[in-house]
Amino acid sequence: MAEDICTPGTTKEKDAIKGKWVRVQPNLNREGGYMAGYLNIYYRRTRRQDINLITDIKLLSEQETPTSTPAQDNWHRVPTSLRTGILRTPPLYLWYKTGKTSMDMTAEEKNNIITELDVLWGDDIPWYGFEKLEPPTMEHSGRIQSTHITFRRGVKSPPKAPPLHFSRDGKFKILQVADLHYSVSHGACRDTPIKPCVGADNMTNTLVGHMLDIEKPDLVVFSGDQLNGQGTSWDPKSVLAKFARAVTDRKIPWAAVFGNHDEDDGLRKEFQINLLKSLPYSLVERGPKDIHGVGNYVLKTYSADASKTHLLTLYFLDSGSYSKGFLDWLGFFNPTEYDYIRQNQIDWFLQESASIKSIDRPFKPDTGKDLGDAWKRQDISDQITPTTRKLAKPNALMFFHMPLPETYGKADLDPHTNRPLDKGITGQETPGNANTNDGFFEKGVLQALESDHVSHTAIPEVKVIGNGHCHLTENCRRVKDVWFCFGGGGSYSGYGKIGFDRRFRVYDISDYGETIRTYKRTEKDEVVDSMLLAGAGAPAY
């Protein structure tokens with residue numbers, strides 16, 4: 001334990017035997033105000049086999065001891081109180097117990113040694129694999145959030161998500177979760193008639209969990225603004241520890257893109273992406289470092305048969321935060337214009353699209369079990385006439401946070417009814433697109449066709465673009481053969497409108513990727529605006 005910013009004293013001999021000091025970066029006194037000063041935890045980390053390792057830790061008051069004979073039981077008290085610098089608070093001390101050396105431990109004992117310490121702000125769950133020590137070093141009081149020391153036993157690698165694949169009967173479902181706007185605190189409820197509404201983040205987690213239990217998606221997409229920013233998510237790691245909890249508890253694979261608020265409170269996306277990747281069942285990728293943004297990547301969904309055919313493409317892009325702004329007299333950045341998808345992202349998308357191989361569509365799974373089946377006469381009733389088949393890239397969906405200007409363009413007309421292909425609620429808020437545009441829709445999306453064959457109709461590979469950002473907008477509109485769909489606000493922690501229920505968009509994909517249907521499910525369990533976007537029966541191109 002060391003106060004201020006000074007590393008504890010050491011020697012080369014001690015470093016060689018016990019390992020070098022490791023500093024737990026967060027300042028324990030952060031919520032104590034400027035007069036509290038800095039207080040950081042330091043611990044040694046060693047790889048040697050002949051050093052007695054720490055097997056347990058406790059937080060106790062000045063009068064308490066972990067046992068009646070702590071010295072005989074190998075308990076040691078850190079001399080500095082964890083509440084040093086905080087006025088009118090009783091001292092709290094960290095006790096640690098040393099056990100056997102690594103060479104004398106069993107595998108089970110090694111899995112229970114203390115391997116890492118961290119700090120959590122707020123009263124929610126700690127980071128995956130960590131446990132929370134009680135009591136907090138600083139209690140929650142008004143706007144002051146509690147401060148907890150957390151620790152990890154052994155090494156707990158997060159469970160990996162399995163490769164995405166369709167079911168045996170050709171189905172795959174995506175649930176979009178838009179604009180959670182979580183904070184270090186439990187969150188403040190906004191624009192809801194629910195009374196009482198306490199702990200908006202936790203209420204939203206419960207609602208997300210309910211949606212997951214009903215819909216049972218194969219993939220969850222967080223479409224940006226997982227963090228509220230705006231001064232309330234000032235420790236992003238504490239917020240990211242809880243935002244996907246409902247999903248990870250159910251062992252569902254998930255992906256995410258960044259929104260304009262995720263970077264508001266200091267931790268850059270380059271660091272946040274590593275945290276996201278280290279959570280259970282995450283499919284998030286960093287993407288290329290030589291193009292604009294963080295989190296430009298592609299996921300592919302495969303058939304469940306032995307062929308493992310690529311049947312659906314999912315593109316994820318970073319639409320950025322802000323492209324223009326100014327510093328006020330206190331040095332704070334004040335944004336004036338939203339960011340946008342840049343030319344090098346367009347080039348990247350076209351390159352990725354060009355690398356995707358065409359398949360024989362509609363896909364027919366391989367049901368053969370052995371070579372003997374190859375000699376059986378095929379059932380004529382099971383055949384598909386050649387005129388219904390085509391060689392083309394799989395259908396694709398794309399997700400990024402902020403909409404394009406074309407999202408608000410004139411809707412295509414249904415060739416059968418001559419009515420605009422636009423369904424859902426829009427017009428309750430100002431458009432959320434950036435003023436600047438590098439032409440991603442015209443130069444990118446519309447140029448990436450599902451087939452380059454001259455005899456085929458020029459149909460875009462990307463059938464749907466899913467956005468968040470606009471909490472009161474939840475329509476789907478087709479513009480130049482591409483559907484633009486908003487997720488609609490699903491969080492009690494984000495802005496809303498009385499009478500506009502929280503909702504989540506579902507993409508129900510069937511027929512091995514050929515058919516794409518979407519609808520919204522509201523907090524009242526109402527299914528709203530079910531519509532067919534692609535496949536047999538959908539509006540023609």
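**Salt bridges, strands and a helix pair**

Me: Which residues are linked in a network of salt bridges?
Reply: A salt bridge here is a side-chain nitrogen of Lys or Arg within 4 Å of a carboxyl oxygen of Asp or Glu. The structure holds 30 salt bridges. A network of them links Arg-361, Lys-390, Glu-450, Lys-463 and Glu-514.

Me: What kind of model is this, and how are its residues numbered?
Reply: This is a predicted model, in which local features need pLDDT of at least 70 and side-chain atom pairs count only at pLDDT 80 or more, while totals for chains, interfaces and linings use all residues. Side-chain values use heavy atoms, with hydrogens and water left out, and residues are numbered along each chain as its sequence is written, from 1.

Me: How many helices and strands are in the chain?
Reply: Helices (H or I, at least four residues) and strands (E, at least two) are DSSP runs, numbered from the N terminus. The C-alpha atoms fill a box of roughly 85 × 65 × 45 Å along the principal axes. The chain has eight helices and 26 strands.

Me: What share of the residues in the chain is buried?
Reply: Buried means under 20% relative accessible area, exposed over 50%, and partly exposed in between (1.4 Å probe, protein chains only). The chain has 541 residues, and the buried share of them is 51%.

Me: How far apart in sequence are the parts that Lys-390 and Glu-450 tie together?
Reply: The side chains of Lys-390 and Glu-450 meet in a salt bridge, at 2.6 Å from N to O. Because Lys-390 lies in strand β18 (residues 390–392) and Glu-450 in the loop between α8 (440–445) and β21 (462–467), the pair ties together parts whose separation in sequence is 60 residues.

Me: Is Glu-450 buried or exposed?
Reply: Its partner Lys-390 is partly exposed, with a relative accessible area of 25%. Glu-450 has a relative accessible area of 4%, which makes it buried.

Me: Which residue of helix α4 forms a salt bridge with Asp-118?
Reply: Asp-118 lies in strand β7 (residues 114–121) and is buried, with a relative accessible area of 10%. The closest N and O atoms of the pair are 2.7 Å apart, and the partner of Asp-118 is Lys-237.

Me: At what angle do helices α4 and α6 pack?
Reply: Axes are lines fitted to C-alpha atoms, for helices over the stretch in contact, and angles run from 0 to 180 degrees between N-to-C directions. The axes of α4 (residues 236–243) and α6 (residues 269–277) are 10 Å apart. The contact (heavy atoms within 4.5 Å) is made by Lys-237, Leu-240 and Phe-243 of α4 and Gln-272, Leu-275 and Leu-276 of α6. The packing angle is about 35 degrees.

Me: How many of the residues of strand β24 are buried?
Reply: Strand β24 covers residues 503–510 and is mostly covered. Arg-503 of β24 forms a salt bridge with Glu-474, and both residues are buried. The number of buried residues in β24, out of eight, is seven.

Me: Which residue in the turn between β24 and β25 has a positive phi?
Reply: Two strands pair if DSSP finds at least two bridges between them. Strands β24 and β25 (residues 515–522) run antiparallel and are joined by eight bridges. They form a hairpin with four residues between them, and the turn residue with a positive phi, of about 55 degrees, is Asp-511.
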